[in-house]
Amino acid sequence: MKHNIILIGFMGAGKTSIGSAYAQAHGCPLLDTDQLIEEEAGMPISQIFSSKGESAFRAAETAVLHRLLADTDHAVISVGGGLPLREENRRLLSRLGTIVFLRVSRDTVLKRLKGDTTRPLLQGGDTCEKVDKLLAERNLIYEKAAHLLMDVDDRTLDQLVAELEKKVGEAR
Ligand code: S3P
């Protein structure tokens, strides 16, 4: 297994913010699978979904994981909320490093993502219902895929980074 720290969890859990703060504090790179996919496609995720479809985006996620396995170590990797749902991706993630599930409540998600237009899965209709349904489908999958779990509600970024340091230190 490699030595990356991989942050998984629902949209709005703070994977990129926490990953970025941790990476900065430790002088290691932060890689974000959504960002890598957008850079390669030359378009935002919403446009990948609308022009190529979700399945093309999901294939790109798996391709990114293969690349990270080949060339990345000692980094913090933040992955899109839907990436751990594919079994193949979970297998790849487990070889890539220590997986940390950032667990978030529906109320925090709704507060943080109010008015967001960048996440195709939450557009149109009743956002609250969509979040509830997706959380119910996903939380157990995230939990099973992860080595470590952190609850992020009502915690400051500093507290979360400190907890991440402690948990990762103990797990290594
Ligand atoms: C998705 C989460 C998004 C992005 C895409 C699909 C999902 O990433 O990959 O919109 O299926 O949960 P974030 O978790 O970074 O928002």
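The ligand occupies the largest pocket. The model is predicted.

**The ligand site**

The shell around the ligand holds 13 residues. Closest to the ligand are Lys-15, Asp-34, Arg-58, Arg-119 and Arg-138. By class, the shell splits into five charged, five nonpolar and three polar residues.

Which protein atoms lie 2.6 Å, 2.7 Å and 2.8 Å from ligand oxygen atoms? The table sets them out.

| Residue | Part of the residue | Distance to a ligand oxygen atom |
|---|---|---|
| Arg-119 | polar side-chain atom | 2.6 Å |
| Asp-34 | side-chain N or O atom | 2.7 Å |
| Gly-81 | polar backbone atom | 2.8 Å |

Arg-119 and Asp-34 reach the ligand through their side chains. Gly-81 does so through its backbone. How much of the ligand does the protein bury? On its own, the ligand exposes 390 Å². The protein buries 96% of that area.

**Lys-15**

Lys-15 is one of the closest residues to the ligand. Its place is in helix α1, which covers residues 15–26. Is Lys-15 buried or exposed? Its relative accessibility is 9%, so Lys-15 counts as buried, the cut-off being under 20%. Lys-15 can also be placed against Thr-108. The two residues are 93 apart in sequence. In space, their C-alpha atoms are 14 Å apart.

**Ser-78**

Where in the fold is Ser-78? Ser-78 belongs to strand β3, made of residues 76–78. The relative accessible area of Ser-78 is 1%. That value is under 20%, so Ser-78 is buried.

What does the side chain of Ser-78 contact? It makes a polar contact with the side chain of Asp-32, at 3.2 Å. Ser-78 can also be placed against Thr-33, 45 residues away along the chain. The C-alpha atoms of Ser-78 and Thr-33 are 6.4 Å apart.

**In brief**

The ligand lies in the largest pocket, with 96% of its 390 Å² buried by the protein. Arg-119, at 2.6 Å from a ligand oxygen atom, contributes a polar side-chain atom. Lys-15 in helix α1 and Ser-78 in strand β3 are buried, at 9% and 1% respectively.

How values were computed: Residues are numbered from 1 along each chain as its sequence is written. This is a predicted model: local features need pLDDT of at least 70, side-chain atom pairs count only at pLDDT 80 or more; totals for chains, interfaces and linings use all residues. Side-chain values use heavy atoms; hydrogens and water are left out. A residue is near a molecule or strand if one of its heavy atoms lies within 4 Å of it. A polar contact is a pair of N or O atoms within 3.5 Å; within protein, one must be able to donate a hydrogen and the other to accept it, and residues adjacent in sequence count only if both atoms are side-chain atoms. Accessible areas come from the Shrake-Rupley method with a 1.4 Å probe; for residues, only the protein chains shown count as cover. On a 1 Å grid over the protein atoms alone, a cavity is a set of points where a 1.4 Å probe fits but cannot get out, and a pocket is an open set with protein on both sides within 12 Å along at least five of seven lines; lining residues have an atom within 4 Å of a point. A molecule sits in a cavity or pocket if more than half of its atoms lie within 2 Å of its grid points. Ala, Val, Leu, Ile, Met, Phe, Trp, Tyr, Cys and Pro count as nonpolar, Asp, Glu, Lys and Arg as charged, and the others, Gly among them, as polar. Helices (H or I, at least four residues) and strands (E, at least two) are DSSP runs, numbered from the N terminus. Buried means under 20% relative accessible area, exposed over 50%, partly exposed in between (1.4 Å probe, protein chains only).
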